[in-house]
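Student: Before I rely on the labels attached to this model, I would like to go through the reasoning behind some of them. Could we take them one at a time?

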Amino acid sequence: ILAAMLLVFVGMEQTVGAWSSAYLTRVQGADIDTAARSASVYWAAVTCGRLLASAIALRLSSERLLGGAALISLCALVTLALSQHVSQALMALSLTGLGFAAIYPTIMAITARAYARRFAAIAGFMAAAGGMGGAAYPWIGGIVGQAWGLRATFWMAAALAVALLGIYALLSRAPLPLSEAA
């Protein structure tokens, strides 16, 4: 379940990062300079959000943080897909990055807690699952964008966020060990 979450999440994160500049120029009508900077804004939001998420993780359980981040991501992606103006798209893209920020590290933290004794072996598998999503979904997003327009690529990313929330629901019911050390 956790590996599936990483496959979907990294694919979604990379799809947004890969296609945001093209989306802003071709769909939103942004100038090339603004669109090029949008990728930096997105990744800066992810980075700053990860620092913020580290502080929030001291107050919330990993599971609550993960669920909240996935829900924020979905709302931001829907706003991005619906946006009609460059400024609205840039704000939604920033919020998407902030929403995404906590997901990868939180999934890895849950994995480390649940499988403490085998985490070194499992971490490589988890990273590979994420890498597969990061390789496949941006490519699929390009195919979707060619067939139905780049706005559809961002609807695909929103659909991936729905899938992530579905997997999260499975995770919340799964009998993961609190720790193998227990």
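Tutor: Let us begin with R50, bearing in mind that this is a predicted model. R50 has a relative accessible area of 28%.

Student: What makes R50 partly exposed?

Tutor: Buried requires under 20% relative accessible area and exposed requires over 50%; R50, with 28%, falls in between and is therefore partly exposed.

Student: Why is the pair of E13 and R50 called a salt bridge?

Tutor: The label asks for a side-chain nitrogen of Lys or Arg within 4 Å of a carboxyl oxygen of Asp or Glu, and the closest N and O atoms of E13 and R50 are 3.2 Å apart, so the pair qualifies. The pair links distant parts of the chain, since E13 is in helix α1 and R50 in helix α2, 37 residues apart. As for E13, its relative accessibility is 5%, which is under the 20% limit, so E13 counts as buried.

Student: How many salt bridges does the structure hold, and what makes the pair of E63 and R113 one of them?

Tutor: There are three salt bridges. The side chains of E63 and R113 meet at 2.3 Å, N to O, which is within the 4 Å limit, and therefore the pair is counted. Because E63 lies in helix α3 and R113 in helix α5 (residues 103-114), the pair ties together parts that are 50 residues apart in sequence. With relative accessibilities of 27% for E63 and 33% for R113, both values lie between 20% and 50%, so each residue counts as partly exposed.

Student: How do you know that the span of α2 agrees with its number of residues?

Tutor: The expected span takes 1.5 Å times one less than the number of residues, so the 25 residues of α2 should span 36 Å, and its end C-alpha atoms are indeed 36 Å apart. At its N-terminal end α2 is capped by D31, a side-chain oxygen of which lies 3.1 Å from the backbone nitrogen of D33.

Student: Why is S73 called buried?

Tutor: S73, which lies in helix α3, has 0% relative accessibility, and since buried means under 20%, S73 counts as buried. Leaving aside its neighbours within four places in sequence, S73 is in contact with T96, G99, F100 and I103. A polar atom of the S73 side chain also lies 2.8 Å from the backbone oxygen of A69.

Definitions and conventions. Residues numbered from 1 in each chain as written. Predicted model: local features only at pLDDT ≥ 70, side-chain atom pairs only at ≥ 80, totals over all residues. Heavy atoms only, no water. Helix = DSSP H or I, 4+ residues; strand = E, 2+ residues; numbered from the N terminus. Polar contact = N/O pair within 3.5 Å; in protein donor to acceptor, adjacent residues only side chain to side chain. Buried < 20%, exposed > 50% of the residue type's maximum accessible area, 1.4 Å probe, protein only. Contact = heavy atoms within 4.5 Å.
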